[in-house]
Amino acid sequence: MIPASFDYESPKTLNEAITLLASREDAKLLAGGHSLLPAMKLRLASPALLIDLGRIGGLDYIRDSGETISIGALATHAAVAASRLLLASSPLLAQAACNIGDIQVRNRGTIGGSLAQAHPSADYPAAILALDANIVATSQSGERVIPAHSFFTGMFTTALRPDEIITEIRVPKTAGSGTVYKKFHHPASGYAVVGVAAVVRGATGKIDDVAIGITGVAEVAYRATAVEDALRGKPASAIAEAAKHAADKVEALGDNYASGDYRRHLAQVYTRRALQEALSSKRK
Ligand SMILES: Cc1cc2nc3c(=O)[nH]c(=O)nc-3n(C[C@H](O)[C@H](O)[C@H](O)COP(=O)(O)OP(=O)(O)OC[C@H]3O[C@@H](n4cnc5c(N)ncnc54)[C@H](O)[C@@H]3O)c2cc1C
């Protein structure tokens, strides 16, 4: 459980970090360390240089940017979970964040680190997809805005280029919609066996628009488009039938704890519950 030896740098500015990252192919960024350090101890990752982002000031903000809320990549899960701004204007990410791991993990882990890690059972991806959020990646070439739907490309794989650092996440405000994150926790790891994020806009029991992100079921989090298509413009009574399509055309993962069939079943049940709760929790 001892990692291979590595060089260590702790830049004070984003520019320094970007320059360091561009200078070495064998470098890796270190944020909260809650995914990278265990991987290094298991020798699943052996970067020759660690670039610690922890001393870069001003990258942990959560601020109002008009129609969106901007979140710095170094905002911890605990800060996201407790953010009054998010809870008031776009609560889905906070609802997901308070489900992550335990208090130690939430105090150290960062939103940028979690998104870059792209763990197939991580909580944020479901919410990021349902919100149609944007991820800002910065490199020596400048800023690149990556929409959520093209960010997660596979298990532990993203659209990030090797020289890019996630610097910001932009989430739309969800006034007028109900949002809910429902998670079936793995009893040992705490990760999502299945996690469903729902954004529902509607009135008097009718669904005008809906977005559903699902994590834990497949190699990569996805939008449950078959459920969404079956619900737009429909009454709330259509939810139970529509939720049965939550894992349509999805190749479900199976392991010692939960088979693919069980995950598919959980996806349907948790999608139904998330939608019913989101519709009844609609915000002004
Ligand atoms: C016991 C335990 C339980 C957990 N339970 C859950 C859970 O229930 N749900 C869940 O979602 N997660 C869970 N996690 C994971 C946790 O959320 C991690 O914090 C997260 O996955 C990684 O964030 P980090 O800041 O620790 O990143 P690090 O571990 O420092 O880095 C992870 C990866 O991202 C890269 N990286 C970091 N920051 C950036 C950036 N700004 N730009 C580009 N690349 C970057 C690193 O190079 C590395 O490859 C758990 C972890 C532990 C140890």
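**Backbone outliers, ligand shell and internal voids**

R43 is found in the loop between α2 (36-41) and β3 (49-52). In this predicted model, phi of R43 is near 60°, a positive value in a residue other than glycine. A further case is provided by D132, which is not a glycine either and has a positive phi of about 55°. D132 is placed in the loop between α8 (124-130) and β6 (134-139). Such values stand out because most residues other than glycine have a negative phi.

The ligand is surrounded by 30 residues, of which L29, G33, L36, T110 and D123 come nearest. By class, this shell comprises 14 nonpolar, 13 polar and three charged residues. Among the secondary-structure elements, β2 (27-30), α7 (111-117) and β10 (165-172) each supply at least two residues of the shell. The greatest contribution is that of α7, with four residues.

Polar backbone atoms approach oxygen atoms of the ligand at several positions. At L36, a polar backbone atom is 2.7 Å from an oxygen atom of the ligand. For G113, the corresponding distance from a polar backbone atom to a ligand oxygen atom is 3.5 Å. At S114, a backbone N or O atom lies 3.4 Å from an oxygen atom of the ligand. Taken alone, the ligand exposes 970 Å², and 89% of that area is buried by the protein.

The search for enclosed voids returned one cavity of 30 Å³ or more. The volume of the largest cavity is about 40 Å³. Its lining is formed by A118, H119, P120, P125, F152, T215, V220 and A221. In terms of residue class, six of the lining residues are nonpolar and two are polar, with no charged residues. The lining of this cavity draws at least three residues from each of domain 2 (62-172) and domain 3 (177-280).

Open pockets were also examined. The second largest pocket has a volume of about 290 Å³. A total of 14 residues line this pocket, and those closest to its centre are H119, S121, Y191, D255 and R263. The lining of the second largest pocket consists of six nonpolar, six polar and two charged residues. Domain 2 (62-172) and domain 3 (177-280) each provide at least three residues of this pocket lining.

H119 appears in both settings: this residue lines the largest cavity, and H119 is also among the residues closest to the centre of the second largest pocket. Both linings draw on domain 2 and domain 3, as found for the largest cavity and for the second largest pocket. Charged residues are absent from the cavity lining, whereas the pocket lining has two.

Terms used
Residues are numbered from 1 along each chain as its sequence is written. This is a predicted model: local features need pLDDT of at least 70, side-chain atom pairs count only at pLDDT 80 or more; totals for chains, interfaces and linings use all residues. Side-chain values use heavy atoms; hydrogens and water are left out. On a 1 Å grid over the protein atoms alone, a cavity is a set of points where a 1.4 Å probe fits but cannot get out, and a pocket is an open set with protein on both sides within 12 Å along at least five of seven lines; lining residues have an atom within 4 Å of a point. Grid points are joined across faces, edges and corners, and a volume is the space filled by probe spheres set on the points. Ala, Val, Leu, Ile, Met, Phe, Trp, Tyr, Cys and Pro count as nonpolar, Asp, Glu, Lys and Arg as charged, and the others, Gly among them, as polar. Domain bounds come from an automatic or database domain assignment. A residue is near a molecule or strand if one of its heavy atoms lies within 4 Å of it. A polar contact is a pair of N or O atoms within 3.5 Å; within protein, one must be able to donate a hydrogen and the other to accept it, and residues adjacent in sequence count only if both atoms are side-chain atoms. Accessible areas come from the Shrake-Rupley method with a 1.4 Å probe; for residues, only the protein chains shown count as cover.
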